[in-house]
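Reader: I'm new to this one. Could you walk me through it, a question at a time?

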Amino acid sequence: MKKLYGLLGCPVEHSMSPEMHNDLFTYYGIDGYYHAFHVEAENLGNAVIGLKALNIEGFNVTIPHKVSIMRYLDEIDDIALNIGAVNTVINNNGKLIGYNTDGDGFIKSLETVITKSLSDTKILIIGSGGAARAILISLAAKGAPNIDVSNRTLTSASQLRSECQFKLKGSALSLKEAEENIQQYDVIINTTSVGMHPNIDNIPLSLNKLLPHTVVSDIIYNPLQTSFLIEAARRGAVTLNGVGMFVNQGALAFHKWTGQFPDVNRMEQLVINKLGGHTEC
Ligand code: ATR
């Protein structure tokens, strides 16, 4: 009998996860099926009870349920607890265990372009929302202590840093301060929604002082190349768009569910084809 996997979110209609995971099931000869379930916030608890009764093997969780799902799980991994959000759940003989693969998905993608070890890399995270939190805590957990956080609202950046349970150097900065010191970073990561479709001309901060060869990353993938990345590439930076984080969080979930680490290039190609774009700046 087919093993059932899924995604709980609202909205989920445009998610690329079903196509990505179902392609992998076919490719690896796994008798599984992944379905996107549109679940309203007030129905989340009942949805989880229903999926458990149907013996679902595992599922992903997306907006707006990544935090609220936690109360319905039997166990939560330490990193996901510190992040305060779950995006991947395994059903282990009726016990639901929650993980967060967003931050590690980002790191896997980042590791394809950085040349130094994470412990020697000076990083700037722009933004202090849920995505920034997953990335900061996962980077710190993997031994990257040199992380500054810059945000429009400075107090949120300070709070995010103070809630990280792993050792951190660096500080919280205003966007102006980060712009003035942009030349000191090896890696700059935009986690805000600034530049996302339809406001594609906006950039989160000025790159006037950016040095060539800096790695500049944007977790946005619509558009594939944000104005921020285009400007960074114009200044000689190495750029990384949001597709890598998306496919790697999916690859890590697929691995947790099936034991098979999938071909990330295949997943990336499928997503890029679906987005109908080019990855080069
Ligand atoms: P997510 O969970 O996807 O990370 P979020 O929690 O809504 O999203 O966080 C959005 C982040 O983008 C925040 O850091 C927000 O800054 P504030 O804390 O000041 O609100 C940042 N952000 C959103 N719109 C912005 C804008 N127009 N300019 C600068 N920062 C912005």
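Author: Sure. One term to start with: a polar contact is a pair of N or O atoms within 3.5 Å. Also keep in mind that this is a predicted model.

Reader: How far is a backbone N or O atom of alanine 131 from an oxygen atom of the ligand?

Author: We need a pair of N or O atoms within 3.5 Å. Here one partner is a backbone N or O atom of alanine 131 and the other is an oxygen atom of the ligand, and the distance is 3.0 Å.

Reader: Which residues are around the ligand?

Author: Let's go along the chain. One part of the list is Gly127, Ser128, Gly129, Gly130 and Ala131. Serine 128 has a backbone N or O atom 2.8 Å from a ligand oxygen, and for glycine 130 a polar backbone atom is 3.1 Å from a ligand oxygen. The list also includes Asn151, Arg152 and Thr153, along with Thr192, Ser193 and Val194.

Reader: On to the helices. Is H4 roughly parallel or roughly perpendicular to H5?

Author: The axes of H4 (residues 102-110) and H5 (residues 130-141) come within 7 Å and cross at roughly 70 degrees. Angles from 65 to 115 degrees count as roughly perpendicular. So H4 is, relative to H5, roughly perpendicular.

Reader: How many nonpolar, polar and charged residues are in the contact of H4 with H5?

Author: On the H4 side you'll find Asp102, Gly103, Asp104, Phe106, Ile107 and Leu110, and H5 brings Ala134, Ile135, Ser138 and Leu139. Sorted by type, the residues of this contact come to 6 nonpolar, 2 polar and 2 charged.

Reader: Which residues of H9 does H4 meet?

Author: H4 packs against H9 (residues 243-258) at an angle of about 120 degrees, with the axes 7 Å apart. That makes H4 oblique to H9, and the crossing is right-handed. From H4 come Asp102, Asp104, Gly105, Phe106, Lys108 and Ser109, and they meet Gly244, Met245, Asn248, Gln249 and Leu252.

Reader: Is the crossing of H1 and H10 left-handed or right-handed?

Author: First the geometry: the axes of H1 (residues 17-27) and H10 (residues 264-275) come within 10 Å and cross at roughly 140 degrees. That makes H1 oblique to H10. As for the hand of the crossing of H1 and H10, it is right-handed.

Reader: And how many charged residues are in the contact of H1 with H10?

Author: H1 supplies Glu19, Met20, Asp23, Leu24 and Tyr27, while H10 supplies Arg266, Met267, Leu270, Val271 and Lys274. Of the residues in this contact, 6 are nonpolar and no polar ones are found, and the charged ones number 4.

Key:
Residues numbered from 1 in each chain as written. Predicted model: local features only at pLDDT ≥ 70, side-chain atom pairs only at ≥ 80, totals over all residues. Heavy atoms only, no water. Axes fitted to C-alpha atoms, helices over the stretch in contact; angles between N-to-C directions. Helix = DSSP H or I, 4+ residues; strand = E, 2+ residues; numbered from the N terminus. Parallel < 35°, antiparallel > 145°, perpendicular 65-115°, else oblique. Contact = heavy atoms within 4.5 Å. Nonpolar A, V, L, I, M, F, W, Y, C, P; charged D, E, K, R; others polar. Near = heavy atom within 4 Å. Polar contact = N/O pair within 3.5 Å; in protein donor to acceptor, adjacent residues only side chain to side chain. Left-handed = near helix turned anticlockwise from the far one by under 90°.
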